[in-house]
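Subject: Structure for your review

Dear colleague,

Please find below the structure that I am handing over to you. My findings follow it, and I would be grateful if you read them with the structure open.

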Amino acid sequence: MINKPAGRTAPATPCRVTVCRGCCCGDAAKIPGVDHAGQIPRLRAALDGAAPVRASECLDVCDQANVVVVQPSAAGRASGGRPVWLGLVNDDEVLADIADWIRAGGPGLAEPPGVLDLYAFTVSRRVREGLEDTP
């Protein structure tokens, strides 16, 4: 049995961010004028370690390209937060708003900037469950 040192607590599980980079998201032919290759590094830099960012294969919501999913932290989930799907994320201003929200706590802990309401959308249960099953 492994004992935790006295006075130490387990680190909090942060929000997780998934950026679609499948068939349509990240495609300059579908969405011209966007620096798709730089989007993930800019989001990581804006988050400054507050949450991991990973790229995913197609999330099957191509009509919303580029798609970003923000999954709540453990504390956010305990407070009722659920994954938030954001579509049409094609400019740096919305990336900054997403990063600000996550640094403030993200789903379940902080109110998103009002502008993110324009990007939020609901996905089918099949698509949502597919993402939740991914490590």
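Two strands are said to pair if DSSP finds at least two bridges between them. Please bear in mind that this is a predicted model.

With that meaning of pairing, there is an open sheet of 5 strands, in the order S2-S1-S3-S4-S5 and with mixed pairing. Strand S2 (53-56) and strand S5 (120-121) form the edges, each pairing on one side only. Between S1 and S3 the pairing is antiparallel, over 4 bridges. Within this pair of strands, Thr18 has Val69 of S3 as its bridge partner.

Two helices lie across strands of the sheet. H1 lies across S1 and S2, and runs at about 160 degrees to S2. H3 lies across S1, S3 and strand S4 (84-86), and runs at about 5 degrees to S3.

The largest nonpolar core has 21 residues, of which Val17, Leu43, Leu47, Ile98 and Ile102 touch the most other members. At least two residues of this core come from each of strand S1 (16-20), helix H1 (36-47), strand S3 (68-71) and helix H3 (92-103). The greatest contribution is that of H3, with 6 residues. Apart from this core lies another one, of 14 residues, including Cys25, Val61, Ala65 and Val123.

Val17 merits a look of its own. Beyond its neighbours within four places in sequence, Val17 is in contact with Leu43, Leu47, Ala51, Pro52, Val53, Arg54, Val68, Val69 and Ile102.

Yours sincerely,
A colleague

Definitions and conventions: Residues are numbered from 1 along each chain as its sequence is written. This is a predicted model: local features need pLDDT of at least 70, side-chain atom pairs count only at pLDDT 80 or more; totals for chains, interfaces and linings use all residues. Side-chain values use heavy atoms; hydrogens and water are left out. A nonpolar core is a set of buried Ala, Val, Leu, Ile, Met, Phe, Trp, Tyr and Cys residues joined through side-chain atoms within 4.5 Å. Buried means under 20% relative accessible area, exposed over 50%, partly exposed in between (1.4 Å probe, protein chains only). Contact means heavy atoms within 4.5 Å. Axes are lines fitted to C-alpha atoms, for helices over the stretch in contact, and angles run from 0 to 180 degrees between N-to-C directions.
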